[in-house]
Each structure stands twice: as C-alpha cells, then as structure tokens.
Amino acid sequence: MQPVATTFFFYLLSGLAVLGGILVITRKNPVHSALALILTLLSLAGLYLMLYAPFVAGVQIILYAGGIMVLFLFVIMLVNLERSAKEEQFNKQWIAGTAAALALGVLFILVYTGGKALFPEHLAQLPEQSNTQEVAILLYGNYMFAFEIASLLLLVAIIGAVVMAKKRI
Amino acid sequence: MVAMLKGQYGSGIREANSYLGQNYLVVEASLIPEVLQVLRDREQFDYCVDITAAHYPQREKQFDVIWILYSFARNERIRVKTMIAESESVPSSTSIWGTSNWLEREVYDMFGIRFDGHPDLKRILLPDGWKGHPLRKDYGIIQQDQEWVQINLGIESGQ
Amino acid sequence: MTDATKYLSRLELGQPDQTFLDSNELIINMGPQHPATHGVLRVILKLDGEKVLGTECVIGYLHRGVEKIAEHRTYAMFNPYVDRMDYVAAVSNGLGYCEAVEKLMNIQAPPRANYIRVILTELNRLASHMLWLGTHALDIGAITPLFYTFRDREEILKIFEKYCGARLTTHAFRIGGCQYETYEGFETEVKKFLKFVAPKIDEYEELLTTNRIWVKRTRDVGVISAKDCIALGVTGPVLRASGVKWDIRKAQPYAAYSDFDFEIPIGEKGDTYDRYIVRMKEMRQSLRIIEQAVGKIPEGPIMAKIPKVIKPPVGEIYHSIEAPKGELGYFIVSDGSTQPYRLRVRPPSFVNLQALDMMVRGALVADVIAVIGTLDIVLGEVDR
Amino acid sequence: MAPITTLHYLVVAAALFVLGVVGVLTRRNVVVVLMSIELILNAVNLNLVAFSRIWGLQGQIFSIFVITDAAAEAAVGLGILIAFFRNKETVNVDEVDLLKW
Amino acid sequence: MLDYITSYLKSDLTPGAAGNVLWAFVYILLIFLGLSVAVIAMNWLERKILAHMQVRLGPMRVGPHGLLQPVADALKLLIKEDIMPAEADKVVFWMAPLFVVMTAFTVFIVVPFGPTHAVTDMNIGVLFMLGVSSLSVLGIVMAGWASNSHYPLIGALRSSAQMVSYEIAMGLAVISAVLMSSLNQAGTGTLSMIGLVQAQQAQHTWFVFKFFPLGLIAFVIFAIAMVAETNRAPFDLPEAESELTAGFHTEYSGFRWSLFFLAEYSAMIAVSSIAVTLWLGGWMRPFPTWLSGETWDLVFSLFPGLTFIFLAVFAFVGVVRMPKHPYFRIQTMGLAGFGAVLGLIGLVLFAPPVRDRIQDIYWFSVKVAVSMYMYIWYRGTFPRYRFDQLMKVGWKILLPVGIGVLILTAIAGVWL
C-alpha cells in the first residue's frame with residue numbers, strides 16, 4: 001500500500017501531537033489536559049500507521065486512548081478536582097524545568113545532527129500486510145519470557161491498584 | 001383495660017367511653033407518653049393509625065390531639081385524646097411508633113402544636129418559610145402568606 | 001422495641017467518613033420533575049457513588065388543603081373532593097367517605113347499594129393495581145407492560161363511564177347509597193370484562209414473573225420486615241407482602257364484604273418481588289369477589305332513607321376501608337351542623353412513603369426507583 | 001518538500017519528550033504529572049517504532065511492552081493518587097512530602 | 001482521468017488497497033449517505049415495531065403510516081433552540097457530540113460489505129473497529145463531565161465503567177473467532193475483516209456453527225456484550241430514563257442531542273456488522289454449501305430485487321386499503337409514489353450486472369438488519385439491569401465463559 005500524501009500527513013499529525021503535548025502541560029483543568037493527551041495519542045497512532053506498524057497503532061488506540069485515558073478521566077471525575085484547579089498550577093521549579101528542558105533539547109539536537117550519518121538510508125523491508133502475524137511470531141517466540149513477565153507485571157499492578165485505592169479490603 | 005388504666009393513673013384518665021361502637025380515652029396531657037407506652041406494650045396496640053388534632057378556639061384548652069391506635073391481636077381500635085392550650089406542647093411519640101414522625105410533623109404544620117422530643121419538627125406539606133397554620137379555625141379559607149407568595153413565586157397573589 | 005424508630009427520615013449531611021473516597025458524597029435532587037417519581041415527589045438523595053446513604057422526601061407540592069376545604073363545605077358537597085386525592089382509585093375514596101358519614105349518622109346503605117359499591121370498588125382496585133404495575137415496570141425498564149395494562153384499564157374505565165358518566169374522578173356513591181341504578185346490561189358487561197381480563201393478567205405475569213432480569217431487579221430489594229411495617233404504620237399490600245395477614249375487608253368488614261369468599265394473599269420476605277406477587281394475586285382475588293357479587297346483586301332500593309339536609313349528630317367517628325394502597329381512614333368531628341367541624345383523612349400513601357428512607361438505605365440508586373414504584377404512592381393523596 | 005526520513009520522527013519524539021519532562025518538573029497536580037509521564041513514554045515509543053522502520057520489528061515489540069508498562073504505571077499511580085487524596089484531600093505533588101501518613 | 005476512474009472497476013481490491021483515492025472518497029460518501037438513511041429508517045422502524053409490540057400504532061400522521069416522521073423529527077431537532085448550560089465547560093461540551101459521531105462513523109471504513117465493497121482493508125481491521133468504537137466512551141465521559149450536572153456525571157461514570165468492562169468480554173469472543181480463522185491456512189490467522197470472511201468462505205461454514213457449540217457461545221457472548229457496549233436496553237443504564245432522566249445527554253438539546261442519537265444508532269450498526277463479519281459469514285449468502293450450484297446462485301441473486309418488489313407490493317396494498325376520502329389523497333399518492341420507487345429499484349436490481357455486484361451488500365445488510373431487529377426486540381421485552389448486576393454479568397459470567405471458550409477453541413483447533 002502506497003501511503004497517500006505522506007509529507008502532508010506527517011506534518012499534520014506531528015503538529016497535532018506536539019500541540020497536544022503543549023496543551024497537556026499548560027492547561028489548568030486536568031480534564032482539558034487529558035483530552036489534549038488523547039489528541040497526542042491518536043496522532044501518534046496515525047504516525048505509527050505511517051511507519052508500517054499497524055499493530056502498534058491498534059494497540060495504541062485500544063489500550064492507550066480507549067483504556068488508560070478512560071482510567072485517567074474516571075479518576076479525575078472521582079476525586080473532583082474543581083478546588084485544586086483554582087490553585088497555583090505550577091510549582092517553583094520553573095527555572096529547573098526550563099534548564100532541564102533546554103539542556104535536553106540541546107542534547108537531542110547534538111545527537112541528531114551528529115548521528116545523522118549513523119542512520120542507514122535504505123529502510124528495512126516491513127511487509128505491512130503481515131505485520132500483525134510477524135509481531136505475534138516474535139512476541140510468542142523470541143520474546144516469550146518478556147511477554148510472560150509483562151503479564152506478571154500487570155497482575156502486580158492490578159493488585160497494587162486495588163490495595164491502594166480500596167479503603168477497607 | 002379501662003379499669004386497669006384508671007387504677008394506675010387515677011383521675012389522669014378523664015373519660016373512657018364509647019360512641020357508635022368506637023372506644024376512646026381522654027387523658028391528661030402529662031400522662032400521654034406513659035399511657036401510649038402502656039397501650040402499646042401491655043395492651044398490644046402496636047399500630048399507630050393516625051395522629052391528628054382539632055381546634056376549638058372558644059375553649060380554654062384550645063386543641064384536641066388525637067391518637068388513633070389499632071391492635072392486630074385484638075382487632076380493635078381505640079382513640080386517645082388529650083386537650084392542650086395554645087402555649088402547651090405534647091410529648092412526642094416518635095420513640096414509640098416510627099410512624100409518628102411525619103404524622104406529628106403534619107399536625108405541627110397544620111395546627112402549630114409542638115411535640116417535645118421530636119427529632120426533626122419542621123413543616124412537611126407547606127413550604128418551610130410559610131407563616132400561619134391553616135387548619136386552625138382562625139385561619140380563613142382563602143387566607144395565604146402573601147409575603148411568601150410574592151417573594152418565592154414572583155406573583156402578586158396566589159388567588 | 002423496634003428498630004424502625006431509629007430511621008428518621010432526616011438527612012444528616014456532612015459525614016464524609018462514610019463514603020468510599022471521603023468528603024465526596026453526592027447530593028442529588030430526584031424530582032420534583034423526574035420521570036420516575038410518579039408526580040411531584042422530590043427525594044433528596046445522599047449518594048456515595050451509586051450507594052444510597054440517606055434520603056429525605058420533600059412533599060407538599062400538590063397540597064390543596066382538602067381538610068380545610070371540608071370544613072367549609074356541607075357533607076354532600078365535599079363528596080366529589082375526596083375523588084381528587086387518590087385519583088387512580090377515586091371510587092375507594094368515595095366509598096370510605098360515604099361510609100364514614102353514614103356511620104356518623106347511624107344509617108345503613110341498602111344491600112343492593114352495597115353490592116354495587118363492592119363491584120365498583122373492586123373494579124377500581126383492579127384499575128389501580130394495573131396502573132401501578134405498568135408504571136412500576138416502566139420504572140424498572142420494561143416499557144411494554146405499561147401499554148398492556150393501560151389497554152385493559154380502559155375497559156374498566158368504560159364501565160365506570162357508562163355507570164356514572166365519569167372515568168377518573170367518578171363520584172360514584174352518595175351518602176346513604178348510590179345515586180344511580182345500574183345501567184341495562186351492567187351485569188353482562190362486567191361478566192364479559194371478567195372473562196376478558198383474567199387471561200390478560202396471565203399475560204402480565206408471563207412477561208414479568210419469570211423474567212430473570214425482573215426477578216433480579218426486585219428480589220431482596222427494599223426489604224421491610226413485618227415488625228418495621230407495623231412500627232411505621234405501613235398498610236396495604238406492602239404490609240401483606242411482609243407476611244402480616246391483615247386486610248380491613250376481612251378484619252372489620254364494611255359494605256358487603258362479609259358476604260364474599262376471598263383470600264388475603266401474603267408474601268414472605270417483604271421484598272419488592274413479594275409485593276409484586278401479592279398485588280398480582282390481589283387482582284385475581286378482586287376478580288373472584290366481583291364474580292361472586294355480580295351474580296347475586298339483590299333487588300331493592302339503592303338509597304337509604306336520609307334527610308334532605310345531612311346534619312349528623314354531635315360526635316366523632318373514625319372509619320377506614322382497605323383502599324388499593326392501604327388503610328384509608330376518615331376521622332370526622334361533627335358539631336351538629338351541616339358542615340364537618342373537622343375532617344381528617346388518613347392517607348395510606350403518605351404513611352407508606354415514610355418507609356422509603358428505611359427501605360433504600362444502603363441500596364443503589366436504581367433500587368430507589370424500584371422502591372418508590374413498589375410503594376405505589378399517588379402524590380395527590382400524599383399531599384392532599 | 002523533502003521526503004520524510006527517520007530523523008523527522010525522532011525530532012517529533014524529542015519534542016514530546018522535552019514537553020513531558022517540563023510537565024513533570026513544573027506541574028503541581030499529580031494527575032497532570034502522571035500524564036506528562038505518559039507523554040515521555042509515548043515519545044520513547046515513537047522513537048522505538050521509528051527505529052524499527054530501519055532495523056526490524058524488535059522496536060515494535062518493545063513499544064508494546066512499553067504500553068503494557070504504561071498501563072501498569074497508570075493503574076498504580078492513580079491508585080496511589082486516590083489513597084493520597086483520601087487522606088490529605090489534595091493532589092499537589094509538593095504537599096506529598098511525608099513517606100508515611 | 002477516465003481511465004483512473006474506470007480502472008478500479010476491474011480490480012478485485014478495495015479502493016484503499018488499490019490506492020484509488022477517488023473511489024475511496026466515493027465509497028466514504030456512499031457509506032455516509034447509506035448510514036444516514038439507515039439511521040433514519042431505523043428511527044421509523046424502531047418506533048413502528050416497538051409500537052406494534054405494545055399494541056399501539058406508532059407514528060401515523062406525518063406521511064402515509066408515519067413514513068415522514070423521522071424527517072419531521074430531524075427538522076424539529078434542527079430548528080430547536082440549542083441550549084448550552086451556563087456552568088458548562090463550553091469547549092468540551094461542544095466537542096463531545098462531535099467526538100462521539102466521528103468515532104461512530106470512522107469505524108465504517110473497514111466494514112466489508114462485500115469482497116471489494118469496503119473503503120479499505122486494514123491488516124488490523126477488527127482491532128481497529130474495537131479500538132475506535134471504544135473511543136466513543138471518551139465522548140460520553142466528556143459530555144457527562146462538561147454538562148457540570150449530577151445526572152450526566154453519574155451517567156458518564158456508569159457508561160465508562162460499563163463499556164470498559166464489556167470490552168474485555170467482547171475482545172475475548174473476538175479472539176476466539178480470529179483463532180478459528182487461522183485453522184486451515186498456513187498457520188496464522190488474520191485480523192483483517194475481509195480476511196475473516198474469506199476464511200469462513202474457505203472453511204465452508206459460518207463461524208457461529210464452527211466447533212459447535214463453541215462458536216455459538218462466543219457469538220452469544222459477543223451479542224450480549226455488544227448490546228452493553230452500545231448502551232441499549234436491557235443495559236441502558238447510562239441513559240436510564242427512569243433513574244437518571246437521560247443520563248449523559250440530559251443537558252443536551254436540539255442538534256447536539258440528535259448527534260448523540262445518530263452516533264448511538266450508527267454504533268449499533270457498527271457492532272452488528274462486526275458480529276456479522278466474524279460469525280455470520282459477512283457477505284456470504286445463506287447455505288453456501290448445501291444449496292450450491294449455478295441454479296441456486298441465480299435464485300439467491302434474485303433476492304435483493306424480490307425484496308424490493310415485495311416492499312413495493314406492500315406499499316400498493318396500503319394504497320388500496322387507504323380510505324377513499326379527499327383528506328387522504330396526498331397520503332395515498334405519496335404512498336403510491338413510494339411504492340413505485342421501491343418497485344423501480346427492485347426492477348433495476350434484477351439486471352444481471354447490478355445483481356452480481358449488489359448481492360454481497362444485500363446479504364450483509366439483511367444480516368445486520370436482523371441484528372438490529374433483535375435490538376428492538378430486547379428493548380420491548382426486558383427490564384433494565386441494576387448497576388451491580390450489570391457488572392456481575394460482565395465480570396463473573398461473560399468473562400470466565402469467554403476465557404473458557406477461547407481455551408476450548410484453541411484445543412479444538414489443535415486436535416480436530
């Protein structure tokens with residue numbers, strides 16, 4: 001499948017993603033932040049599709065946007081943050097934050113400009129039609145152990161979350 | 001039963017009679033909680049049908065407060081009546097029957113009779129800020145709390 | 001003796017420690033404009049998420065001062081007013097009032113009048129229960145029974161209309177008997193109706209009684225024990241569903257009820273499902289009563305000899321009947337004039353509604369709806 | 001316009017990462033901090049997927065594990081948030097300065 | 001240019017797969033149009049069918065047999081005042097219905113109405129559909145929160161908990177169908193919607209009958225979960241009228257409310273089409289193996305035309321039975337015109353080239369329509385679940401049964 005107007009879609013989606021990211025950290029109301037984050041997540045899913053990773057894109061939509069963000073919204077509604085929305089939103093680490101951001105940004109630019117030569121021009125052949133099958137074969141073959149560990153991690157997370165949130169067990 | 005009660009409370013039981021086959025007792029206001037308690041526990045009048053009142057403005061003790069009781073075991077009704085004056089209050093029977101709660105509130109709402117020991121004595125059918133008690137005889141049938149109507153409904157008059 | 005006294009229908013606000021998340025209780029106004037409160041009932045709910053921590057009923061939106069009006073009308077003039085209280089069971093209201101006044105005047109309605117009274121009152125009980133069933137099912141989410149019950153209630157209203165010209169607020173009886181002789185074909189029509197309605201009741205039961213979701217929604221919901229029922233003065237089908245075999249028609253028969261053979265259906269647990277079953281059985285018992293009565297309406301006058309001007313002697317009377325919703329009582333104080341000195345109505349809905357708080361504490365929001373439905377209140381009667 | 005190369009994706013990822021770091025460092029609201037962490041994780045994911053375009057599927061596999069991780073983190077993080085809110089009635093990070101309550 | 005347009009007609013691919021933007025666009029438009037018509041028709045049908053279940057007539061006044069009632073309703077909704085609560089969060093309140101509608105429509109780009117009749121065939125089709133339809137919960141949560149009112153908030157909380165819970169059972173049922181698709185191929189199954197139907201074609205069975213009763217159980221799980229997922233009776237707690245007035249859209253009115261309505265019905269059609277694709281053989285005609293051969297192919301290909309002719313006859317019967325009174329003249333003429341249009345469409349559908357291309361779409365739509373009828377039937381029959389019971393059904397019955405079916409399907413697939 002030949003993607004249509006790749007350049008345009010790339011700039012559109014990445015622009016939306018970055019815009020969403022900016023809104024996440026600047027909005028006062030946590031619900032608005034969460035909605036902006038959903039925007040970012042969905043545009044990232046689009047970018048994954050463009051990178052021939054449809055399965056990851058699907059997982060991104062179904063798990064991140066459909067699952068984790070619902071959890072976030074649920075908790076925001078549950079703890080009723082109206083009062084805290086009126087308070088000071090930013091702590092006094094402005095300077096530290098900006099400095100860290102600048103340092104990281106400079107570092108990234110350095111790495112990219114310096115490391116441009118490292119990336120090969122020719123891309124690996126990733127057949128999109130069988131992407132899911134190949135991911136599955138890798139997941140249940142080479143990465144079987146990691147996969148099982150991940151499921152254990154989720155179990156621990158479930159128990160942890162229940163223990164934390166429940167008042168009387 | 002009447003003899004027993006009379007023996008116990010003497011002249012507190014003013015009258016014990018029957019009219020058209022319906023029994024009633026007239027009791028001194030101060031004896032009310034005890035008599036009701038005895039009626040419920042000993043005489044099995046376990047169901048308080050109704051609490052109501054009547055207003056006699058020309059009498060010295062203006063109000064009749066009436067309890068209508070029923071006994072499932074005896075299949076029998078009895079009315080307990082007491083008379084109180086305007087300023088007096090009656091002990092509440094909410095601790096004897098749960099049903100007294102709203103019934104007493106309604107009597108308070110309509111007659112302005114206060115019940116001592118009632119947990120939440122406030123108006124029930126009329127709005128909270130209403131002035132006057134409609135079922136008193138001196139409350140005219142077209143009378144209303146003009147002020148309340150004007151403030152809360154935004155109209156000149158409810159008539 | 002009772003626990004019921006502990007449940008005062010007052011809402012204690014500001015007890016955050018009871019909720020799951022502390023300080024996050026939700027206060028919700030259910031009504032006065034709400035699809036499931038059967039009128040203008042307003043229930044203030046204190047919720048912890050879905051769980052009900054407490055309720056408070058705010059009533060009186062429909063208060064018309066019926067008792068005050070009674071003091072300014074003659075006995076006969078007041079008769080139509082009582083129909084406006086429990087407007088889905090207007091005939092029962094009228095019966096109670098007429099009998100109370102008759103008792104006060106110490107007269108007896110003639111047997112033929114009594115039979116007509118019984119037939120119409122039982123038809124009215126059927127109509128009331130049908131309306132209850134339809135709206136109760138609608139509250140729980142089953143929309144279809146509503147239309148079935150309304151279709152069949154229509155037949156009853158047609159009989160009323162033919163008898164006295166009115167469908168809802170019938171004013172069917174007069175003090176001393178009945179105003180109207182039965183119309184021609186009354187008996188056959190009632191008999192036809194009996195044949196028509198018996199399978200329809202089966203139809204309702206088919207839709208609901210064994211419906212798993214219906215059973216799940218009503219079993220163990222709004223349980224109230226017999227002891228609490230008595231302490232709270234709850235009467236009618238609610239009391240019988242808790243296992244108390246008490247019906248004024250049997251305990252203190254009035255009109256011609258002593259002539260008929262019928263049973264008092266009772267429940268065991270006192271939950272919503274039992275109340276449903278009790279009312280369904282009651283409908284069949286009503287059919288039985290009508291069937292017995294319609295065959296043997298005695299000949300004779302339909303009015304007792306009463307004076308032109310009704311002037312009961314000085315005295316007090318309390319008379320109660322078994323209305324579809326419970327014990328409907330009239331307490332009349334007469335001062336010998338043409339107007340009652342004081343007339344008190346003991347409304348079953350008002351007293352039954354008081355049990356709401358006790359029945360829903362700890363339940364879920366959806367149960368509040370089910371319990372309001374199962375209590376079968378009519379706001380016209382609660383507020384009077 | 002120039003064709004889109006891997007580098008373009010990396011720049012987007014870097015931007016998201018920086019935004020996430022700034023959010024974590026400067027915001028007071030725990031919920032927003034958690035969301036910023038999600039931003040960082042997503043930046044990493046975009047990197048991984050972009051690299052997998054060059055070197056094969058392993059990057060995608062790893063990004064799936066990262067998403068799993070994010071789910072676990074969100075669940076536990078929000079659980080802690082609820083427990084914390086219940087006890088202190090606040091969701092501000094700078095008021096969480098005790099290791100016990 | 002003309003080449004570009006006609007070249008696609010010969011290909012065996014979906015427009016998306018063929019890379020033909022124009023035709024993809026045309027398909028999107030067609031789906032949008034068809035969906036709108038379907039929603040309008042559903043509105044009328046639901047009211048009529050429900051009414052007849054409840055011994056009443058339903059809409060009868062606007063147009064013959066109330067046929068124009070949905071149009072009148074739509075007009076009313078469009079010109080109705082659009083109320084925005086004063087304390088609402090304006091932006092989110094405005095976005096929520098759009099979001100819900102968008103997700104509900106986006107799902108349809110992978111729905112295969114036929115082997116080539118889909119906008120595109122995604123490698124992750126099923127995953128995409130589940131994912132995007134699960135996004136609609138976000139719109140509902142947004143609506144509930146933005147209204148800044150208690151009833152919508154409770155409705156939104158209920159619906160988010162409900163949809164997230166039932167998605168799991170739904171996913172398990174879907175996985176067992178996907179597992180079935182892998183059986184007599186080269187070892188891997190497929191998530192593509194077209195691929196799933198082709199797998200059923202290759203195995204000469206609908207998956208609902210595969211490994212009887214495993215396929216059936218998975219289908220039933222999905223059928224229950226999809227009702228819950230679309231917030232319909234008996235799982236309509238988020239908008240339970242008698243409890244929460246109208247749930248999450250209590251504060252919405254006019255056009256915005258109609259968007260929710262549109263989204264609800266298109267979501268119903270969407271999940272129904274997933275069920276049809278996965279278990280009921282998608283576009284396959286009934287009895288592909290029992291009644292095979294040229295003659296049967298011909299007979300079944302006549303069905304679309306026959307259906308329309310039947311409907312036309314039905315309309316003409318209505319014309320004949322219409323009272324002969326000047327008052328009814330316009331109605332009679334309208335109904336006759338409607339019947340004539342239906343008959344004309346029916347005749348066109350008999351033409352061989354049209355017949356062959358339309359057949360797949362017809363069978364797919366018929367299956368979806370049956371599923372929609374079930375929705376209406378449930379609504380007429382069942383009372384509503386309570387919230388804890390709903391959760392119990394989801395977590396304690398559907399989920400374990402789903403896992404069991406999945407394991408048994410895997411075992412059956414290996415050993416049978």
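A residue counts as buried here if 20 or more other C-beta atoms lie within 10 Å of its own, with C-beta atoms placed from the backbone. I start there because the first figure I want to show depends on that cut-off. What you have on the screen is a predicted model.

Let me begin with chain D. It has 101 residues, and 59% of them count as buried. There are 3 helices in chain D and 0 strands, so to speak of its order is brief: from the N terminus on, the elements run α-α-α. As for how the chain packs on itself, take the contacts in chain D with a separation of 6 or more: 48% of them are between residues 24 or more positions apart.

Now the partners. Which two chains share the most contacts? Of the 6 pairs of chains that touch, chains A and D have the most. On that interface, 73 residues of chain A are in contact with 63 residues of chain D. On the chain A side, the elements that give two or more residues are α1 (6–26), α2 (30–50), α3 (54–79), α5 (94–115), α6 (131–140) and α7 (144–165). The most comes from α3(A), with 13 residues. By class, that side of chain A has 54 nonpolar, 15 polar and 4 charged residues.

A word on chain A itself. Its domain assignment gives domain 1, residues 1–80, and domain 2, residues 130–169. The C-alpha centres of these two domains of chain A lie 22 Å apart.

Next, the interface between chains C and E. Here 27 residues of chain C are in contact with 22 residues of chain E. Which elements of chain C supply at least two residues each to the side that touches chain E? They are β1 (26–30), α4 (111–140), α5 (144–164), α7 (212–218) and α14 (365–375) of chain C. The residues on that side of chain C divide into 17 nonpolar, 4 polar and 6 charged.

Last, the pairs that do not meet. Chain B and chain D do not touch, and their nearest C-alpha atoms are 32 Å apart. Chain B and chain E have no contact joining them either; for that pair the closest C-alpha atoms lie 22 Å apart.

To go back over the two interfaces: chain A puts 73 residues in contact with chain D, and chain C puts 27 in contact with chain E. That is what I have for today.

Methods: Residues are numbered from 1 along each chain as its sequence is written. Chains are lettered from A and ligands numbered from 1 in the order in which they are written. This is a predicted model: local features need pLDDT of at least 70, side-chain atom pairs count only at pLDDT 80 or more; totals for chains, interfaces and linings use all residues. Two residues are in contact if their C-beta atoms, placed from the backbone, lie within 7 Å. Helices (H or I, at least four residues) and strands (E, at least two) are DSSP runs, numbered from the N terminus. Ala, Val, Leu, Ile, Met, Phe, Trp, Tyr, Cys and Pro count as nonpolar, Asp, Glu, Lys and Arg as charged, and the others, Gly among them, as polar. A residue is buried if 20 or more other C-beta atoms lie within 10 Å of its own, exposed if 12 or fewer, and partly exposed in between; C-beta atoms are placed from the backbone. Domain bounds come from an automatic or database domain assignment.
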